[in-house]
Amino acid sequence: APVVVKSAMGQALAKKLAADDDLLAGSLFGQLARVLFDTMAVREDNWEWMWNVYLDWASLVVCAPMVKPGHHYLFTGGQGIGKSLLADILSRMVGHVNRSDVTADTLSNGFGDFLKARLITVDELYTVSGGMNRTGHSAYNSMKTYMAKTPEELWLNIKTKAPETAANLSAWQMSSNSTAHDLRLDQDDRRIAVVGCEDMTAAQYKAGQAVCARIGALKDRGFGLDWHEDMARAFVARFLGVLGNAGRMDAVLGAAPASNTKAALAMENLSPLADYVLRVWEAGGLPDIVSVEDVQRVCTGRRDVGNG
C-alpha cells in the first residue's frame, strides 16, 4: 500500500521528494535507458511506460536490497549501443561487491556462489546460450529457476566449502549481441522483460553515442563524489516515488511487461516444426505431417507441406 505521511515535516519532505522523482529519468543512466527503450517505438506504443517501469525497477534493485523484483531484463541489439554500460552504472550504484557477472561456466558448474549477489549480469548472453554442450533452453531453464521468487532461501554448493544457504534476492540484467536470439524464451515466460534494440535508427544511435561519450568522460575521471551523490539522490527519490504508489510498486514486483518485442523473440525461438504447426493452425488448417520425410522437409526449411 502507498506510504501515508501525516506529519507536516514529513509531508514537506514527501513533496520535495516527489518533485525529485524525475531526477533518475534525467540522469545519464536514465537518458541511456531511454534511448534503448525508444528503439522499440516501432513495435511498442507503450515503450515510454516500459522505460519508466525499468527505472522504477532499477531504483528498487539499488535501494531495497531486501526485496526481490518480480521480473528481470534482457537487452538485445548490436555492439556498442550502451547495453553493457547501462549495467555497469547500475552495478556501481549497487556496489561492485554486490554484483556477479555470470558466464556459461558459472551457470553449469553446479556452484552457486554468484547467487549471493544482489545484481547478476550476463554480458553477451549468446555465449552462454550457444554451443554444442549448452543449449539456449538449458541456460534459460537455469536462469529462470534462479529468477523465481521462491524459495525464499537458496541451498548453495560452494566450491571448497560446505554447502550453505542464502536469501533469494538477486536481480538479473542480461544483454545479447546475437541476432539468432538463442535464449529460447518460452511463449508464456513471465520472468524476463525484453528490450529489443535491433530497430535502432541512425539518429537514435547518434543520441546513444553522445550519452555514452559523456559517461565515458566521467569514467575516465573516476566519476567523482559529486556524481555519486547526485546519482544516489536520484535513485532514492525515484524509489520513494515507487514506494508511495501502489501501481508502480505492483509493476516492479509483478510479471515482466508484455510486449510485441518479446512475443516476436519467443516466436523466433520456436523449432522449425513447432513454427510450421503454429502457422498452419493460425491459418485455420491442419498440419499434414504424416511421415518422417514430412518432418525432414519442415525442419530443413522446406515448409511446403500441405495443409490437409
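**Exercise 1. The end of helix H9**

Which residue follows H9, and what is the sign of its phi?

Solution. The model is a predicted one. The residue after H9 is Gly222. Its phi is positive, near 80 degrees.

**Exercise 2. Length and sides of helix H9**

Compare the expected span of H9 with the distance between its end C-alpha atoms, then sort its residues into buried and exposed.

Solution.
1. Helix H9 covers residues 202-220, which makes 19 residues.
2. At 1.5 Å a residue the helix should span 27 Å, and the end C-alpha atoms lie 26 Å apart, so the two values agree.
3. The buried residues in H9 include Gln204, Gly208, Val211, Cys212, Ile215 and Leu218. These residues sit on the same side of H9, because the arc they cover around the axis is only 110 degrees.
4. Ala202, Ala203, Lys206 and Asp220 are exposed on the other side of H9.
5. Among the elements that cover the buried residues are helix H3 (28-38), helix H5 (83-94) and helix H10 (225-243).

**Exercise 3. Lys206**

Is Lys206 buried or exposed, and how far is its C-alpha from that of Val35?

Solution.
1. Lys206 belongs to helix H9.
2. Its relative accessibility is 65%; exposed means over 50%, so Lys206 counts as exposed.
3. Lys206 and Val35 are 171 residues apart in sequence, while their C-alpha atoms are 9.8 Å apart in space.

**Exercise 4. The surroundings of His71**

Locate His71, decide whether this residue is buried or exposed, and find polar partners of its side chain.

Solution.
1. His71 is in the loop that runs between helix H4 (47-63) and strand S1 (72-76).
2. With 0% relative accessibility, His71 counts as buried, the cut-off being under 20%.
3. One polar contact joins the side chains of His71 and Tyr73, at 3.1 Å.
4. A polar atom of the His71 side chain also lies 3.0 Å from the backbone oxygen of Gly254.
5. Beyond four places in sequence, the contacts of His71 include Val53 and Trp57. Others in this set are Arg190, Arg191 and Ala193, as well as Ala251, Val252, Gly254, Ala255, Ala256 and Pro257.

**Exercise 5. Aromatic pairs**

How many aromatic pairs does the whole structure hold, and what is the geometry of the pair formed by Tyr54 and Tyr73?

Solution.
1. The whole structure holds 13 aromatic pairs.
2. Tyr54 and Tyr73 form an edge-to-face pair, with 4.9 Å from centre to centre and 80 degrees between the planes.
3. This pair links distant parts of the chain, since Tyr54 is in helix H4 and Tyr73 in strand S1, 19 residues apart.
4. Both Tyr54 and Tyr73 are buried.
5. Ring pairs join these two tyrosines with Phe29, Phe37, Trp57, Phe75 and Phe235 in a cluster.

**Exercise 6. Phe37 and a charge over a ring**

Describe the burial and the contacts of Phe37, then find what lies over the face of Trp51.

Solution.
1. Phe37 is in helix H3.
2. With a relative accessible area of 1%, Phe37 is buried.
3. Leaving out residues up to four places away in sequence, Phe37 touches Trp47, Met50, Trp51, Tyr54, Tyr73, Phe75 and Val195.
4. Glu48 is 11 residues from Phe37 in sequence, and their C-alpha atoms are 7.2 Å apart.
5. Over the face of Trp51 lies Arg34, at 4.7 Å from the ring centre.

Terms used. Residues numbered from 1 in each chain as written. Predicted model: local features only at pLDDT ≥ 70, side-chain atom pairs only at ≥ 80, totals over all residues. Heavy atoms only, no water. Helix = DSSP H or I, 4+ residues; strand = E, 2+ residues; numbered from the N terminus. Buried < 20%, exposed > 50% of the residue type's maximum accessible area, 1.4 Å probe, protein only. Polar contact = N/O pair within 3.5 Å; in protein donor to acceptor, adjacent residues only side chain to side chain. Contact = heavy atoms within 4.5 Å. Phe/Tyr/Trp six-rings, centres within 6.5 Å; stacked < 30°, edge-to-face > 60°. Lys NZ or Arg CZ within 6 Å of the ring centre and 35° of its normal. Expected span 1.5 Å × (residues − 1). Arc of directions from axis to C-beta.
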